[in-house]
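Here's a quick tour of a protein model. Take a look at the picture first, then go through the notes below.

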Amino acid sequence: MTQKNSMYIDTPEAFIDGGKNFDDDGRDKRTGTWVTASAHIITAVIGSGVLSLAWAIAQMGWVAGPAVLLAFSLITYFTSTLLADSYRSPDPVHGKRNYTYSEVVRSVLGGRKFQLCGLAQYINLIGVTIGYTITASISMVAVKRSNCYHKHGHEAKCYISNNPFMIIFACIQVVLSQIPNFHKLSWLSIVAAVMSFAYSAIGLGLSIAKVVGGGPAVRTSLTGVQVGVDVTGTEKVWRMFQAIGDIAFAYAYSNVLIEIQDTLKSSPPENQIMKRASMIGILTTTMFYMLCGCLGYAAFGNDAPGNFLTGFGFYEPFWLIDFANVCIAVHLIGAYQVFCQPIFGFVESKSKEKWSDSKFVNGEHAINVPLCGTLYVNFFRVVWRTSYVAVTSLIAMMFPFFNDFLGLIGSLSFWPLTVYFPIEMYIKQSKMQRFSFTWTWLKILSWACLVVSIISAAGSIQGLAHDLKKYQPFKAQQ
């Protein structure tokens with residue numbers, strides 16, 4: 001019998017018919033296709049980032065806003081194709097599998113770069129799960145406030161705390177986190193992807209209705225918010241930097257690309273399927289981003305809110321806005337799992353290596369659950385995953401920011417994870433000659449993206465500093 005690991009359960013029945021239930025690495029047969037991979041990508045990409053795109057385009061205007069959005073989509077797709085070829089190494093089709101992003105970097109680049117990659121990746125993953133907790137609770141609070149205004153009138157003081165809804169979100173994640181195999185979550189990603197389409201479509205419909213329905217005129221311009229009218233010159237610069245970070249966050253999924261690719265069947269080759277899934281996923285999300293960002297800006301003008309859906313107010317049709325916010329919450333329930341599963345797998349694999357004789361860490365206990373069949377429970381997995389969800393939820397309660405927090409995550413992760421490591425691994429694997437034409441323009445692209453990440457991080461940090469001046473922990477929203 002092959003050795004067990006933290007993510008897969010071996011059973012004697014799996015060896016029937018010559019081990020056809022196992023892949024070439026001895027793990028359970030992978031069943032993912034381009035459909036499930038595309039769903040995972042859409043789930044990972046279209047998240048809370050879409051809610052801030054109207055605000056981001058408002059800061060840059062009709063010219064720079066869509067141009068920056070398109071540039072990020074092209075860069076993300078290009079580097080994702082480079083990363084997909086690194087799932088197996090040294091050969092992209094027949095080489096040894098690498099199960100995580102950090103394993104890919106260790107296999108190809110090794111040394112200090114592997115350590116830096118692991119640090120960047122897991123900080124980003126933790127930040128995303130905190131950000132999703134904040135955003136899901138905001139959507140739940142929006143539903144509660146909408147019903148409060150509908151019942152008591154628009155002048156009512158419907159101040160509601162995010163904390164109870166963060167606790168509800170955390171309880172749901174504790175249950176879902178006990179699913180041991182990432183590929184078993186395909187159904188959750190498909191449901192979450194449907195939710196993302198739903199709330200994006202509702203936002204688009206409300207934007208169109210607001211644009212064509214008349215009402216007070218809104219101000220838009222080629223350059224966005226106007227200096228001296230909407231903001232000062234300094235605020236304009238900081239806001240543009242922060243907007244770049246928000247767009248970078250909206251496209252962040254490279255840090256889970258390898259884990260998604262590891263769910264795919266080995267025939268056709270995983271890299272080919274992953275490239276197809278990346279194209280479908282990024283084309284789909286870019287279409288939605290362009291529509292949500294541009295139509296949102298057309299609807300709200302230079303006064304576009306930080307959260308796309310809350311800008312329509314808590315008025316009629318209140319039930320439609322409620323439904324959109326519920327869709328956001330459901331979507332983020334799935335997206336949270338997509339991003340936290342790599343963290344779970346890393347800690348559990350290291351723990352099994354260090355305490356290989358521990359029954360607490362390694363023991364799997366079969367439990368028969370009516371209507372669900374046999375479930376395998378590992379006590380260490382239960383304690384560790386529950387603790388992680390609890391800690392990230394507590395941090396979210398302490399710092400419930402939105403735009404600035406997401407912008408900072410996007411700016412810090414974009415260059416190292418989306419651009420630098422995929423390019424460096426491609427150069428290394430292809431044995432590219434230094435100072436050749438391709439080597440030169442790849443390096444230029446990498447350095448240009450580094451500059452973009454630095455300035456967007458600066459804008460987000462400035463925004464966080466501004467928020468902290470008036471922040472009171474655990475106070476109900478107004």
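Start at the surface: the protein chain exposes about 20700 Å², and carbon and sulfur atoms supply 67% of that. Keep in mind that this is a predicted model. Two spots get a closer look here: a helix that is mostly covered, and a nonpolar patch on the surface.

**The whole chain**
- You'll find 15 helices and four strands in the protein chain.
- Of the 478 residues in the chain, 56% are buried.
- Take the contacts with a separation of 6 or more: residues 24 or more positions apart account for 80% of them.

**Helix 2**
- Helix 2 covers residues 34-45, and its 12 residues should span 16 Å at 1.5 Å a residue.
- Its end C-alpha atoms sit 16 Å apart, so the model agrees with that expected span.
- Is helix 2 mostly covered or mostly open? Mostly covered, with 10 of its 12 residues buried.
- The buried ones are Thr36, Ala37, Ser38, Ala39, His40, Ile41, Ile42, Thr43, Ala44 and Val45.

**The nonpolar patch**
- Val391, Leu394, Ile395, Met398, Phe399 and Leu468 make up this surface patch, and together they have about 480 Å² of accessible area.
- Which helix gives the most to the patch? That's helix 13 (residues 379-398), with four residues.
- Leu468, another patch member, is found in helix 15 (residues 437-468).
- Leu468 has a relative accessible area of 44%, so it counts as partly exposed; that label lies between buried, under 20%, and exposed, over 50%.

Conventions: Residues are numbered from 1 along each chain as its sequence is written. This is a predicted model: local features need pLDDT of at least 70, side-chain atom pairs count only at pLDDT 80 or more; totals for chains, interfaces and linings use all residues. Side-chain values use heavy atoms; hydrogens and water are left out. Buried means under 20% relative accessible area, exposed over 50%, partly exposed in between (1.4 Å probe, protein chains only). Contact means heavy atoms within 4.5 Å. Accessible areas come from the Shrake-Rupley method with a 1.4 Å probe; for residues, only the protein chains shown count as cover. The expected span of a helix is 1.5 Å times one less than its number of residues. Patches are made of residues with over 30% relative accessible area and no salt bridge: like charges are joined within 9 Å, nonpolar side chains (Val, Leu, Ile, Met, Phe, Trp, Tyr) within 5 Å. A salt bridge is a side-chain nitrogen of Lys or Arg within 4 Å of a carboxyl oxygen of Asp or Glu.
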